[in-house]
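Grab a coffee and open the viewer: here are some exercises to work through at your own pace. Try each task before you read its solution.

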Amino acid sequence: MIRVVLPGQLRTLASVEGEVVLAVPAPVTQRAVLDALEDRFPMLRGTIRDQTTLQRRAFVRFFACEQDLSHDPIDAPLPEQVILGVEPFLVVGAMAGG
Amino acid sequence: MAGVRVLVGTRKGAFILTSDEGREKWDVSEPSFPGWEMYHLKGSPADPDRIYASQSSGWFGQLIQRSDDGGQSWAPVGNNFAYAGVPGTHQWYDGTPRPWEFKRVWHLEPSLTDPDTVYAGVEDAALFRSTDGGAEWTELPGLREHGSGPSWQPGAGGMCLHTIILDPSVPGRMFIAISAAGAFRSDDYGTTWQPINKGLRSQGIPDEDAEVGHCVHHLAMHPDRPGVLFMQKHWDVMRSDDAGDQWHDIGGDLPTDFGFAIDVHAHEPETLYVVPITSDQHHFPLDGALRVYRSRTGGHEWEPLTKGLPQSNCYVNVLRDAMAVDTLDSCGVYFGTTGGQVYASNDSGDSWEPIVRDLPPVLSVEVQTLR
């Protein structure tokens, strides 16, 4: 199971508290995690990535295992610790606004 | 019992202000969608409990929310605003071509007759329609694909389609306005469009009376006078008596004819309201005094309305969608400011009271008259 941590505004939008736990088929990639996330919470479509191009929104970042994965290929496997459920996949609103 | 529901969109959430027909005591809601930019909320004329709201954020993009119980609860609906076909380019600020790119929904205009049909004016400028309560959105591409589209340029606030007026008496007729392309009219339910900018003159464009390129800030129309349109342009307050075919200046004795908001009295089609703003450099009222100007003569002759409004040290702005009127017997007029105040008049503008003073900057104000 994959653990996903959403930023507060998206947790409110999806009506969830705390982490989201998703069953994600292998290979576990950014694309696969976001596909599973949006399947379960359709209201999140368009808020993390563009619905047509699937490009990450400019001010959204993906972190895991103390690494910034935002610029990794969307079909690259996520870190083993994320796949094992030891570490969460973090969706983060980029710091902006002072 | 009759009353009003004022829908306020702000930079950091939406607020609903309610009162009975006296409009003296108000309830102010807790913020809905706190932290989100709420560009516009509007109720369906066919079902006042149906309200649509545009919710957006620089981080998480565009959402559309829908309420079926008068704003007590909300649910996100569709938010996929995909341009039809290959969108092509418009002009950027520096004159270079730039691909059309969806940014946000500025204005939602529910159908006059069908609660499930609603139009959305978006940035980069285009018109979308939903016929299923906001679940799916389809562009009406005839507007964007009008031959002048590649020459449209953004105004300072972006290249936004900010005004949608549905004509209640001519089937299929609608008006829209874009900053900074101008005003357009469709007579076939939005399939094809023609620019309606004759008579406008704008010094900020190479050809000051060009067919398109004018920074129209807002349009208003009284439902009983469907051929009569009023316009607050970047500079100039204008009027058309032939559904936009020709415009003429009605700024008359206004102290400045720059501004954003314009509206028409609910029962007096020749009574207009504007909020003059110093200039496009100084987005605040003249002399630090917040004055609504009213014309009871369809323009040209204007009177300042000051009772209850701050007349010193006031440097707020009133944005284009932030003024509205109710339809109670004594017409109510409302506007919100970038300083977070929402002012109301229950006597056609003779006097004003703040409903609330300290909201986030107000982006839009709409009123529902409940009977």
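**Exercise 1.** Find the residue that stands opposite Gln55(B) in β6(B), then work out the sheet around that pair.

*Solution.* Keep in mind that this is a predicted model.
- Step 1: start at Gln55(B) and look across to β6(B), where Leu63(B) stands opposite.
- Step 2: zoom out to the two strands. β5 covers residues 51–57 of chain B and β6 covers residues 61–67; they run antiparallel and are joined by 7 bridges.
- Step 3: add the neighbours. You get an open sheet of 4 strands with antiparallel pairing, in the order β4-β5-β6-β7 (chain B).
- Step 4: name the edges. These are β4 (37–43) and β7 (75–76) of chain B, each of which pairs on one side only.

**Exercise 2.** Which strands stand at the edges of the sheet that holds β18 to β21 of chain B, and what does that leave each of them without?

*Solution.*
- Step 1: lay out the order, which is β18-β19-β20-β21 (chain B), an open sheet of 4 strands with antiparallel pairing.
- Step 2: β18 (216–221) and β21 (248–249) of chain B each have a single partner strand, so one side of each has no neighbour in the sheet.
- Step 3: check the β21(B) end. Strand β20 (residues 237–240) of chain B runs antiparallel to β21(B), and 2 bridges join them.
- Step 4: pick out a pair there: Met238(B) has Asp249(B) in β21(B) as its bridge partner.

**Exercise 3.** Take strand β27 (residues 333–336) of chain B and decide whether its faces are covered; then find its partners.

*Solution.*
- Step 1: recall the general pattern: side chains in a regular strand alternate between the two faces of the sheet.
- Step 2: sort the residues. Val333(B) and Phe335(B) are on one side, with Tyr334(B) and Gly336(B) on the other.
- Step 3: the test for "buried" is 20 or more other C-beta atoms within 10 Å. All four residues are buried, so both faces of β27(B) are covered.
- Step 4: look to one partner. β26 (residues 323–325) of chain B pairs with β27(B) in the antiparallel sense over 3 bridges, and Val325(B) stands opposite Val333(B).
- Step 5: now try β28 (residues 342–345) of chain B, which pairs with β27(B) over 4 bridges, again antiparallel. Here Gly336(B) stands opposite Val342(B).
- Step 6: trace the connection. β27(B) and β28(B) make a hairpin with 5 residues between them, and Gly340(B) in the turn has a positive phi of about 90°.

**Exercise 4.** Where do Leu54(A) and Tyr189(B) sit, and are they buried, exposed or partly exposed?

*Solution.*
- Step 1: check the backbone. Phi is near 65° for Leu54(A) and near 60° for Tyr189(B); each is a positive value in a residue other than glycine.
- Step 2: place them. Leu54(A) is in the loop between α2 and β3 (60–64) of chain A, while Tyr189(B) is in the loop between β16 (182–186) and β17 (194–195) of chain B.
- Step 3: count neighbours. Leu54(A) has 13 C-beta neighbours inside 10 Å, so Leu54(A) is partly exposed. Tyr189(B), with 13 other C-beta atoms within 10 Å, is partly exposed.

**Exercise 5.** What is omega for the cis peptide bond that joins Ala26(A) and Pro27(A), and where is Pro27(A)?

*Solution.*
- Step 1: omega is about -5°.
- Step 2: Pro27(A) lies in the loop between β2 (20–22) and α2 (30–40) of chain A.

Note on methods:
Residues are numbered from 1 along each chain as its sequence is written. Chains are lettered from A and ligands numbered from 1 in the order in which they are written. This is a predicted model: local features need pLDDT of at least 70, side-chain atom pairs count only at pLDDT 80 or more; totals for chains, interfaces and linings use all residues. Two strands pair if DSSP finds at least two bridges between them. A residue is buried if 20 or more other C-beta atoms lie within 10 Å of its own, exposed if 12 or fewer, and partly exposed in between; C-beta atoms are placed from the backbone.
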